[in-house]
Amino acid sequence: MQTVKLVSGHEMPVLGLGTWDLRGAGCKQAVREALGLGYTHIDTAWMYKNHREIGDALQEAGADRAGLFITSKVWNTHLHYDGVLEQAEETLRDLRTGYVDLFLIHWPNEATPLAETFRGLRRVLGEGKARSIGVSNFSVSLLEEAERVAQAPISVNQIKYHPGAEQRDVLRWCQDHGVSVTAYSPLGKGRALQDSALTGIARRHGKTPAQVALRWLVQKGMVVIPKASSKAHLEENMDVFGWALGPEEMAQIDAVEG
Ligand SMILES: NC(=O)c1ccc[n+]([C@@H]2O[C@H](COP(=O)([O-])OP(=O)(O)OC[C@H]3O[C@@H](n4cnc5c(N)ncnc54)[C@H](OP(=O)(O)O)[C@@H]3O)[C@@H](O)[C@H]2O)c1
């Protein structure tokens, strides 16, 4: 699996499984299926309420922890120092792992000073409970503030990014400052796939619109975490390496309107 090197020094697989809205037996099944197909990167969050199922799936699959990359996130009601520590502990307990690879601030909340949240994250990092830390849904101005107060490398900003929904200013800022970008909802929750530019390009390459959308994001330098629950979708979403979109095709997708 292709990886990106984070500013923390750790490698992050460019493709991961998104797990928002995967719960209970369906979640366990999708994660087992994904691991069987060769996924090594799983994106979850305290707020998704599926850490236990993911932990079960990892145990049952006998997955080699060292070969996995697990991201989780602290919810924005818990951005005070103790809240960060509390959710980190719960996360590790429920996932049944000693550490997460990446722990993110899920959503900003101006009620808590960012410096305090980062104090908590630095402790989690210092205790080896997270290998890298970062943010999600951060604008350029919040990123600038985070950079001022973090006192630790900000490895990732996870943001919504798909054809028809770009955040070019945030992407540019991150790329200029060494912050890797993970594109969430990379398929626009499946709704971005009907566009005629995507379907036309897909036909030409013998690929699907979902693969074209993911490839476009990967070629822009982003990590992608499509959520899928069927084996067919999981398999399809892995085929985004070893082929490329041309500059005109990239521009055509850039022009897609949301
Ligand atoms: N940080 C944040 O605030 C935040 C916010 C939202 C999401 N996320 C993360 O990003 C992940 C992905 O985003 P998302 O779940 O919002 O949406 P998404 O990945 O853009 O789309 C998921 C939808 O697309 C369908 N799909 C998957 N593969 C497909 C394919 N090859 N062809 C056609 N349809 C396909 C899925 O159907 P099936 O399930 O039927 O396969 C599902 O309905 C989340 O699961 C979560 O981990 C983070």
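**Close-up views of the predicted model**

**Figure 1. Helix α1 and the glycine that follows.** Helix α1 is followed by Gly 38, which has a positive phi near 110 degrees. This view, like those below, is drawn from a predicted model. The helix itself comprises the 14 residues 24-37, for which a rise of 1.5 Å a residue gives a span of 20 Å; the end C-alpha atoms lie 20 Å apart, in agreement with that value. Cys 27, Lys 28, Ala 30, Val 31, Glu 33, Ala 34 and Leu 35 are the buried residues of α1. These buried residues pack against strands β3 (17-18) and β4 (41-43), and against helices α2 and α9.

**Figure 2. The buried and exposed sides of helix α3.** Helix α3 is formed by the 15 residues 81-95 and extends 21 Å from its first C-alpha to its last, close to the expected 21 Å. Its buried residues are Val 84, Gln 87, Ala 88, Thr 91, Leu 92 and Leu 95. They lie on the same side of α3, because the arc they cover around the axis is only 135 degrees. An α-helix has 3.6 residues a turn, so residues three or four places apart point the same way. Asp 82, Glu 89 and Arg 93, on the other side of α3, are exposed. The partners of the buried residues are helices α2 (51-61) and α4 (114-126), together with strands β5 (69-74) and β6 (100-105).

**Figure 3. Two residues other than glycine with positive phi.** Arg 96 comes just after α3 and lies in the loop between α3 and β6. Its phi is near 55 degrees, a positive value in a residue other than glycine. Arg 96 has 14 other C-beta atoms within 10 Å and is therefore partly exposed. Lys 49 is placed in the loop between β4 and α2. The phi of Lys 49 is likewise positive, near 55 degrees. With 13 other C-beta atoms within 10 Å, Lys 49 is partly exposed.

**Figure 4. The surroundings of Leu 125 in helix α4.** Leu 125 belongs to helix α4. It is buried, because 20 other C-beta atoms lie within 10 Å, and 20 or more is the count required for a buried residue. Leaving aside residues up to four places away in sequence, Leu 125 touches Ala 130, Ile 133 and Ala 152. Tyr 99 is 26 residues from Leu 125 in sequence, and the C-alpha atoms of the two are 9.3 Å apart.

**Figure 5. The shell around the ligand.** The ligand is surrounded by 28 residues, of which Gly 18, Trp 20, Gly 190, Ala 210 and Lys 227 come nearest. By class, 14 residues of the shell are polar, 10 are nonpolar and four are charged. Helix α9 (residues 231-238) supplies the largest share of the shell, three residues.

**Figure 6. The protein chain as the setting of the close-ups.** The protein chain contains 10 helices and 10 strands. Its C-alpha trace spans about 55 × 45 × 30 Å along the principal axes. The radius of gyration is 18 Å, which agrees with the value near 18 Å for a compact globule of 258 residues. Buried residues account for 45% of the 258 residues. Of the contacts with a separation of 6 or more, 74% join residues 24 or more positions apart.

Definitions and conventions:
Residues are numbered from 1 along each chain as its sequence is written. This is a predicted model: local features need pLDDT of at least 70, side-chain atom pairs count only at pLDDT 80 or more; totals for chains, interfaces and linings use all residues. A residue is near a molecule or strand if its C-beta atom, placed from the backbone, lies within 6 Å of it. Helices (H or I, at least four residues) and strands (E, at least two) are DSSP runs, numbered from the N terminus. Ala, Val, Leu, Ile, Met, Phe, Trp, Tyr, Cys and Pro count as nonpolar, Asp, Glu, Lys and Arg as charged, and the others, Gly among them, as polar. The radius of gyration is taken over C-alpha atoms; the globule rule is 2.2 Å times the number of residues to the power 0.38. A residue is buried if 20 or more other C-beta atoms lie within 10 Å of its own, exposed if 12 or fewer, and partly exposed in between; C-beta atoms are placed from the backbone. Two residues are in contact if their C-beta atoms, placed from the backbone, lie within 7 Å. The expected span of a helix is 1.5 Å times one less than its number of residues. The arc is that of the directions from the helix axis to the C-beta atoms.
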